[in-house]
Amino acid sequence: MPMALQGDVLRIISLDPEGPDRSTLVKQIALRMLRDQGVTNIRMVCQSGIFKHPTGNLAASVRGDIDEDGVTFSNDAPYARAVEEGVRPHTMWHLAGKTVPIKKFAGGQQSTIFRKATIGAMLRGKWKHPGSIGKRFMKKGVERTVAELPRILGEARRAVERLSR
């Protein structure tokens, strides 16, 4: 890791011909390290067993973006917000008239059956989503990263000190 960090420091110095001051350099390095550690922590939470049948799509969709004030973590998966925050119980009207594949898991085996979602069935109380509690995988990963902030800042300071010798 020190080699990669040193490469980042040299790349930042080469971008600024006058050379950034030491605190700016520490901040830039710390933000990059914070972004990388945050993405890693969120992915680790996704892979920690909180999902019944993980595909890896949520973990692969995690991004960290650096701006002048800090790091913003996001997830590009279209269902990420529903998994993070949860869903209230509701009738699934958007399925009306469609044939829906339903995956069944039994004895370690997966099979698929198909059901037609009719308006009549919906009016009789069928096709209700029971709701779900949010998994808070993004929040948990960010909290782990915030707890590591003192270590990350220390590493960034030491990297700058090594280069200024």
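Author: Let's start with a yardstick: a residue is buried under 20% relative accessible area, exposed over 50%, and partly exposed in between (1.4 Å probe, protein chains only). The model is predicted: local features need pLDDT of at least 70 and side-chain atom pairs count only at pLDDT 80 or more, while totals for chains, interfaces and linings use all residues. Residues are numbered from 1 along each chain as its sequence is written, and side-chain values use heavy atoms, leaving out hydrogens and water.

Reader: Thanks! How does R136 count at 36% relative accessibility?

Author: You will find R136 in the loop between strand 8 and helix 6 (helices, H or I, at least four residues, and strands, E, at least two, are DSSP runs numbered from the N terminus). R136 is not a glycine, yet has a positive phi of about 55°. Most residues other than glycine have a negative phi. With a relative accessibility of 36%, R136 counts as partly exposed.

Reader: And what is the phi of W127?

Author: W127 sits in the loop between helix 5 and strand 7. Its relative accessibility is 9%, so W127 counts as buried. Although W127 is not a glycine, its phi is positive, at about 60°.

Reader: On to charges. How many salt bridges does a search of the whole structure find?

Author: A salt bridge here is a side-chain nitrogen of Lys or Arg within 4 Å of a carboxyl oxygen of Asp or Glu. One of them joins D65 and R63, with N to O at 2.7 Å. Across the whole structure, the number of salt bridges is seven.

Reader: Which strand holds R63, the partner of D76?

Author: The side chains of R63 and D76 also meet in a salt bridge, 2.9 Å from N to O. D76 lies in the loop between strand 2 (71-75) and helix 4, so its pairing with R63 ties together parts that are 13 residues apart in sequence, and R63 itself belongs to strand 1 (residues 62-66).

Reader: How far apart are the closest N and O atoms of E143 and K139?

Author: Both residues lie in helix 6 (residues 137-147), four residues apart, about one turn of the helix. E143 is partly exposed at 44% relative accessibility, and K139 is partly exposed at 47%. In their salt bridge, the closest N and O atoms are apart by 4.0 Å.

Reader: Which residues are joined into one network by salt bridges that share partners?

Author: Two members of the network are partly exposed: D65 has a relative accessible area of 32%, and R63 has 36%. Salt bridges with shared partners make one network of R63, D65 and D76.

Reader: Now the pocket. Which residues are the closest to the centre of the largest pocket?

Author: On a 1 Å grid over the protein atoms alone, a pocket is an open set of points where a 1.4 Å probe fits, with protein on both sides within 12 Å along at least five of seven lines; lining residues have an atom within 4 Å of a point. The largest pocket has a volume of about 1,400 Å³ (the space filled by probe spheres set on the points). Its lining has 33 residues, and the closest to its centre are F51, K52, H53, V83 and H129.

Reader: Which element gives the largest share of that lining?

Author: Elements that give two or more residues to the lining of the largest pocket include helix 3 (57-60), helix 4 (80-85) and strand 5 (99-106). By class, the lining has 19 nonpolar, 10 polar and four charged residues (Gly counts as polar). The largest share, five residues, comes from strand 5.
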